[in-house]
Amino acid sequence: MGELGSTMRVLRPEPGLLAFYDGRIDGLRLHSADPNWLDDGAFGLGTCTYALVEGEEALVYDTHISLGHARLIRRTLAEAGVRRTRVVLSHWHVDHIAGNEVFADCEIIAHRLTAEALLAHRAELEHGDPPVRPLVMPRTTYEERLDLRVGSMAAELRHADVHSLDGTVLVLPDRDLMLAGDTLEDPITYVVEPARLETHLGGLARMAGWAIGRILPNHGAPERIAAGGYGSGLIDATRHYVEKLLRSRTEPALRQADLRGFLPEAFAAGTILYHPAYEAVHRRNLQAVA
């Protein structure tokens with residue numbers, strides 16, 4: 001077992017933006033040899049959270065997968081001279097809120113639906129493996145959009161009903177950049193609301209109309225994140241994948257394809273990058289949709 005946070009890398013996709021990446025390390029587990037959400041989900045797939053930093057201000061986007069990771073994020077920010085920190089939660093899922101306790105003295109911002117989901121799932125989260133206990137709740141909620149500033153940087157929180165009904169993406173309009181949370185993943189989305197995939201397609205279509213040139217997801221390839229992110233083609237690749245998942249309900253042949261065979265054009269174009277751990281996600285997605 002590795003020590004929580006000991007393998008976390010601090011990437012710098014662009015000035016004023018820190019990316020805290022951990023996972024995708026063959027043969028290493030952090031929590032337990034038994035199946036659990038941290039090792040078999042967040043760490044195996046690779047997880048990245050972010051912080052916008054200017055002067056003494058920071059805006060943290062998700063609190064990572066453990067208290068150990070969150071403490072390292074706060075220490076990194078303090079060493080950079082940060083004295084005022086706010087937190088944004090992308091959605092309620094455990095691998096995005098597990099470090100909230102470390103930021104309990106900060107303003108934590110989330111969509112109203114995120115706060116409601118955290119309350120509804122409190123027992124599940126606080127008694128999970130590993131547990132998130134105590135669960136620290138957001139102090140501030142919003143509805144459709146919230147405009148913030150970090151020093152001279154403008155940041156927009158936008159509600160995005162993709163992957164989870166309570167999704168929040170963070171858009172930097174002056175940089176044509178979006179922090180996508182789990183609304184977009186490389187290479188494929190993790191389906192947790194199979195009955196709502198048609199709604200998620202609508203959310204993706206709306207997102208495709210935004211002026212977004214680059215995308216930084218919470219689950220993706222570290223080298224692509226470090227290089228500045230993905231292009232807007234990641235939105236189209238995700239839409240194509242969801243559309244084919246829906247077709248698989250009535251086209252049994254689609255359920256036989258492995259991940260590369262399911263999205264050959266997107267992989268060939270380099271829009272998405274293959275990662276073996278996502279084969280299990282793909283099989284699970286097909287089963288959930290069926």
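Is D62 buried or exposed? In this predicted model, D62 counts as buried, because its relative accessibility is 0% and the cut-off for a buried residue is under 20%. The briefing below takes up the backbone at D62 and at a few other places, then the one cavity of 30 Å³ or more that a search of the whole structure finds, then the two largest pockets, of about 580 Å³ and about 210 Å³, and finally the packing of α8 with α6 and with α11.

**Backbone geometry**

- Most residues other than glycine have a negative phi, and most peptide bonds are trans.
- D62, which is not a glycine, has a positive phi of about 80°, and its place is in the loop that runs between β4 (57-61) and α2 (67-79).
- D176 is likewise not a glycine and has a positive phi, here of about 55°, and this residue belongs to the loop between β10 (168-172) and β11 (177-181).
- Whereas D62 is buried at 0% relative accessibility, D176 has a relative accessibility of 39% and therefore counts as partly exposed, a class that lies between the cut-offs of 20% and 50%.
- The peptide bond between D129 and P130 is cis, with an omega of about -5°, and P130 sits in the loop between α5 (122-126) and β7 (140-142).
- A cis peptide bond also joins R133 and P134, with an omega of about 5°, and P134 is found in the loop between α5 and β7.

**The cavity**

- The volume of the largest cavity is about 60 Å³, and the search of the whole structure finds one cavity that reaches 30 Å³ or more.
- Its lining is made up of V162, H163, T189, Y190, V191, V192, E193, L197, H200, L204, T238 and V242, and these residues divide into seven nonpolar, four polar and one charged.
- Two helices, α6 (197-208) and α8 (233-247), each supply at least two residues of this lining, and α6 gives the most, with three residues.
- T189, one of the lining residues of the cavity, lies in the loop between β11 and α6 and counts as buried because its relative accessible area is 6%, under the cut-off of 20%.
- Along the chain T189 and H219 are 30 residues apart, and their C-alpha atoms are separated by 9.3 Å.

**The largest pocket**

- The largest pocket, with a volume of about 580 Å³, is lined by 23 residues, of which W37, G41, D95, Y190 and V192 are the closest to its centre.
- Two or more residues of this lining come from each of the elements α1 (37-45), α3 (94-97), α5 and α11 (278-289), and α1 gives the most, with five residues.
- By class, the lining of the largest pocket divides into twelve nonpolar, five polar and six charged residues.
- Y190 and V192, which are among the residues closest to the centre of the largest pocket, also line the largest cavity.

**The second largest pocket**

- The second largest pocket holds about 210 Å³ of space, and of the 16 residues that line it, S66, L67, A98, P130 and P131 lie nearest its centre.
- The elements that give two or more residues to this lining are α1 and α2, and α1 is also the element that gives the most to the lining of the largest pocket.
- Eleven nonpolar, three polar and two charged residues make up the lining of the second largest pocket.
- P130, one of the residues nearest the centre of the second largest pocket, is also the residue that a cis peptide bond joins to D129.

**Helix packing**

- The axes of α6 and α8, the two helices that each supply at least two residues of the cavity lining, come within 10 Å and cross at roughly 160°. Angles over 145 degrees count as roughly antiparallel, so α6 is roughly antiparallel to α8.
- The crossing in which α6 passes α8 is left-handed.
- α8 also packs with α11, at an angle of about 50° and with the axes 9 Å apart, and these two helices are therefore oblique to each other.
- The crossing of α8 and α11 is right-handed, and α11 is one of the elements that give two or more residues to the lining of the largest pocket.

Definitions and conventions
Residues are numbered from 1 along each chain as its sequence is written. This is a predicted model: local features need pLDDT of at least 70, side-chain atom pairs count only at pLDDT 80 or more; totals for chains, interfaces and linings use all residues. Side-chain values use heavy atoms; hydrogens and water are left out. On a 1 Å grid over the protein atoms alone, a cavity is a set of points where a 1.4 Å probe fits but cannot get out, and a pocket is an open set with protein on both sides within 12 Å along at least five of seven lines; lining residues have an atom within 4 Å of a point. Grid points are joined across faces, edges and corners, and a volume is the space filled by probe spheres set on the points. Helices (H or I, at least four residues) and strands (E, at least two) are DSSP runs, numbered from the N terminus. Ala, Val, Leu, Ile, Met, Phe, Trp, Tyr, Cys and Pro count as nonpolar, Asp, Glu, Lys and Arg as charged, and the others, Gly among them, as polar. Buried means under 20% relative accessible area, exposed over 50%, partly exposed in between (1.4 Å probe, protein chains only). Axes are lines fitted to C-alpha atoms, for helices over the stretch in contact, and angles run from 0 to 180 degrees between N-to-C directions. Angles under 35 degrees count as roughly parallel, over 145 as roughly antiparallel, 65 to 115 as roughly perpendicular and the rest as oblique. A crossing is left-handed if the near helix is turned anticlockwise from the far one by less than a right angle, and right-handed if clockwise.
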